[in-house]
Every structure is written in C-alpha cells, then in structure tokens.
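Visitor: I have just arrived and would like someone to walk me through this. Could you show me what we are looking at?

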Amino acid sequence: MTDSTRPKTPPKRARRLMSVFDGQALSPPPIWLMRQAGRYLPEYRATRAKAGGFLDLCYSPALAAEVTLQPIRRYGFDAAILFSDILVVPDALGRAVRFVEGEGPRLDPLTTGGEVAKLSLAGSGRVFTTVAETVQRLRQDLPGDTALIGFCGAPWTVATYMIGGQGSSDQAAARGLAYRDPQTVQALMDVLVEASVAYLDGQVRAGADLLQIFDSWAGSLPEDEFDRWVITPTKRLAAEMKRRHPHVPIIGFPRGAGVHAARFARETGVDAVGCDTAMPLHQIRSTLSGKTVVQGNLDPLLLVAGGQRLDEQARKIATTLGVNPFIFNLGHGIVPETPPENVARLVAAVRDIKPL
Ligand code: CP3
C-alpha cells in the first residue's frame with residue numbers, strides 16, 4: 001500500500017477512549033460494554049440466522065464486521081470490540097469447537113501430554129487471517145473516533161474449556177489436571193501463549209487500537225495456582241505483545257480475582273484492569289484506581305432490571321472511579337435477556353455525568 005492509497009483515519013490518540021492510557025481522567029468517562037454485540041439485539045439475531053452456525057458468523061468477515069457495528073450504530077459507544085470468540089484459538093489449533101444451541105461450546109476433552117504435543121499452529125494461519133480481515137473491514141467502516149478493541153481469552157480460561165470440553169461452574173477438570181499433571185498443563189499454557197500472540201498480533205497489524213485479555217475463570221484458583229496459571233502466562237503474553245507493539249494498550253480482565261487483582265495489575269504488565277461485578281468500589285479505589293487504568297463494573301443484571309436504580313448505580317460507579325483514568329463497563333458480559341432500551345438508558349446516564 002502506498003501513502004496515497006492508505007485509508008485516512010485520524011491518529012489513534014484522537015480516539016477519545018485512548019487518552020485514558022495517557023493518564024487522563026475523562027468526564028464523562030468513555031463507555032463500551034462486554035458482549036455489546038449479541039443476542040439481546042434483534043439485528044444480531046437476524047444476522048446470526050443468516051450466517052448459520054455461531055463459528056460461521058465468526059469466520060465470515062463481512063457478517064462479523066456487521067454485528068460488531070450494530071451496537072455502535074445504536075448507542076455510539078466509545079469502542080467497538082471485534083466480533084469473534086475466545087474459542088477460535090483452540091479451533092485454530094486443531095481442537096474442533098462446536099456450539100450447541102442453548103448449551104454453549106463443546107470440544108473433545110484434552111487430558112494427556114500426548115494430545116498437547118499434537119497441537120499445532122500449522123493450520124491456524126487461515127483462521128487468524130480471516131479474523132484479521134474482519135478487523136481490517138472494521139477499521140475502514142468505524143467512525144474515526146471509535147476505538148477498536150481486539151481480544152483473546154487468557155491461556156488459563158481457554159485451557160479450562162479445552163481440558164473440560166465445555167464450560168463448568170468450578171472448572172474442576174482443569175484444576176484437577178493442574179494438580180495431577182502440571183507438566184501437561186504447563187505445556188498447554190506454552191502453546192496457548194504462542195497461539196494467542198499470533199492471534200493478537202494479526203489483529204493489531206490489521207488495525208486494532210487496544211486489546212483485552214479475557215480471564216473469565218481466573219477466580220477459581222488459590223494463590224499459588226493463581227500465580228502459575230493466571231499471572232505468569234498473562235505476563236508472558238503481555239510482554240511479547242509489548243515487545244512487538246509497545247504502544248498498544250492491554251486490558252486484563254481477571255474475573256473473580258478479588259484480593260489478587262492488585263497483584264495481577266502490578267505483576268502482569270497490563271495497562272488496565274477490568275473489574276468484575278463483585279469487586280467493591282472501595283477496594284477498587286484503594287488498590288487499583290490511580291495506579292492503573294480501571295474498567296468496570298456495573299452488574300449486568302441491573303442492566304436487565306433497568307429503572308432508577310440503574311441510573312443511580314451507574315452514576316455512583318462513574319463518579320467514584322472517574323476521578324482517575326477509567327473506562328465505564330459492566331462487570332461481565334451483557335446477558336441475552338437485556339432490553340435494548342436499558343442499554344440506551346445506561347449510555348445516556350453515563351454521558352450525563354458532569355465534569356468531576
Ligand atoms: O461483543 C463482544 O463482546 C464481542 C464478542 C465476544 C463473544 N464472546 C461473542 C459470543 C467476546 C469478547 C466473547 C468472549 C468469550 N467467549 C468469553 C470471555 C468472556 C465471558 O463471557 O466470560 C468466553 C468464556 C467465551 C466462550 C463462549 N462463547 C461461551 C461460554 C459461549 C456460550 C455462552 C453464551 O453466551 O451463549 C459463547 C458463545 C458466544 N460468544 C455468543 C456470543 C455473542 C453467543 C452465541 C450465539 O449467538 O448463539
């Protein structure tokens with residue numbers, strides 16, 4: 001591409017959300033919501049029906065870009081998040097992922113060192129290139145002031161699905177294997193760090209402005225295991241991404257980390273920490289806010305309930321945490337039961353916050 005044919009987009013720092021990473025506290029704070037594209041939106045359901053399966057949607061750049069843009073058109077969020085899934089990585093590694101309607105993801109459980117040794121990045125190029133093509137389209141089609149977030153699952157969370165073969169409330173299969181056979185789990189982590197770097201690198205090269213690492217199951221681990229399976233792999237992933245792309249901010253989302261969150265922020269090298277719904281505002285204020293960029297943490301179920309309570313809690317979070325660099329978000333993803341009008345109400349409440 002020559003300079004004259006390069007798409008004209010404003011410099012990244014012109015995107016409002018990006019300036020929190022320069023240490024600015026914005027009032028009102030920038031806002032986007034985890035799972036902002038999804039089944040609560042009728043237009044998502046229509047596009048999803050056209051695509052066929054869920055992974056067909058992830059692997060169709062035109063349709064994946066379309067569903068990424070849908071919530072931006074409706075609500076004008078400060079950031080779009082690439083429409084894909086954390087389980088694209090195991091799929092690309094040759095562990096075929098299926099999504100069973102109403103039940104969630106299914107994989108063949110991976111339980112031995114021999115199976116880990118067979119994992120290969122050889123076939124991943126096509127998958128990662130397809131997702132990068134979605135990012136490229138988005139960079140062309142998004143408003144210039146909307147930041148574009150790329151993402152992957154953290155190695156531990158992805159491993160829990162690969163080992164268990166499906167989601168579970170206690171991740172017993174992965175935790176058990178990590179005690180019985182830590183070498184196998186370590187080898188799996190090594191592959192997942194490498195694959196996640198390749199996946200994220202493709203997204204950044206295609207135009208992602210910042211990245212989020214989803215560690216949805218970080219909370220199930222005791223201290224030593226938290227260090228070994230959450231902090232260490234995240235730190236390696238972040239370090240390699242920083243080496244390749246020093247100016248691309250990384251948000252870590254160690255859901256359920258609780259008292260480990262501050263150590264996660266200090267030791268992993270991420271630029272921001274996503275806080276889940278259960279984390280008390282006073283803990284966020286005293287251990288994270290002002291030391292790192294904070295993101296979070298409205299209860300997704302309050303977004304379902306709506307009403308005045310929603311406005312009040314949104315205001316409370318934004319005014320408590322917004323004195324330091326802060327991004328407004330939920331504490332976990334939007335659920336399918338969410339009335340779309342409540343999302344509009346939330347955005348209006350947050351945008352109504354007067355300079356602090
Ligand atoms: O809008 C966005 O946030 C971007 C897209 C996105 C999806 N999944 C789309 C999706 C992102 C960032 C994810 C991350 C993801 N995927 C996580 C981490 C965050 C979290 O929720 O804890 C996890 C654990 C997954 C794995 C996954 N994908 C599960 C367990 C499920 C089934 C549960 C469910 O909600 O159905 C999915 C499917 C999925 N990923 C859907 C969407 C919109 C629903 C599938 C559908 O349309 O049928």
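Guide: Let us start with a rule for sorting residues: Ala, Val, Leu, Ile, Met, Phe, Trp, Tyr, Cys and Pro count as nonpolar, Asp, Glu, Lys and Arg as charged, and the others, Gly among them, as polar. The model is predicted, with pLDDT of at least 70 needed for local features and 80 or more for side-chain atom pairs, while totals for chains, interfaces and linings use all residues. Residues are numbered from 1 along each chain as its sequence is written, and side-chain values use heavy atoms, leaving out hydrogens and water.

Visitor: How do the residues of the lining of the largest cavity divide into nonpolar, polar and charged?

Guide: Six are nonpolar, none is polar and two are charged. The lining is made of Trp156, Arg175, Ala178, Tyr179, Leu221, Pro222, Glu225 and Trp229. By the sorting rule, Arg and Glu count as charged.

Visitor: What makes a space a cavity?

Guide: On a 1 Å grid over the protein atoms alone, a cavity is a set of points where a 1.4 Å probe fits but cannot get out, and lining residues have an atom within 4 Å of a point. Points are joined across faces, edges and corners, and the volume is the space filled by probe spheres set on them. One cavity of 30 Å³ or more is counted this way, and the largest holds about 30 Å³.

Visitor: Which helix gives the largest share of that lining?

Guide: That is α8, with three residues. Both α8 and α10 (223-244) supply at least two. A helix here is a DSSP run of H or I with at least four residues, a strand a run of E with at least two, and both are numbered from the N terminus.

Visitor: Why is Gln171 called buried or exposed?

Guide: Buried means under 20% relative accessible area, exposed over 50%, and partly exposed in between, with a 1.4 Å probe and protein chains only. Gln171 has 4% relative accessibility, so Gln171 counts as buried. Gln171 sits in the loop between α7 (155-164) and α8 (172-180), and its phi is near 50°, a positive value.

Visitor: And why does Arg35 count as buried or exposed?

Guide: Its relative accessibility is 52%, so Arg35 counts as exposed. Arg35 lies in the segment before α1 and has a positive phi too, near 60°.

Visitor: Why point out a positive phi or a cis bond?

Guide: Because most residues other than glycine have a negative phi, and most peptide bonds are trans. Here a cis peptide bond joins Ser27 and Pro28, with omega about 0°. Another cis bond runs from Gly296 to Asn297, with omega near -20°, and Asn297 belongs to strand β8 (residues 293-298).

How values were computed. 1 Å grid on protein atoms, 1.4 Å probe; cavity = no way out; pocket = protein on both sides within 12 Å on 5 of 7 lines; lining within 4 Å.
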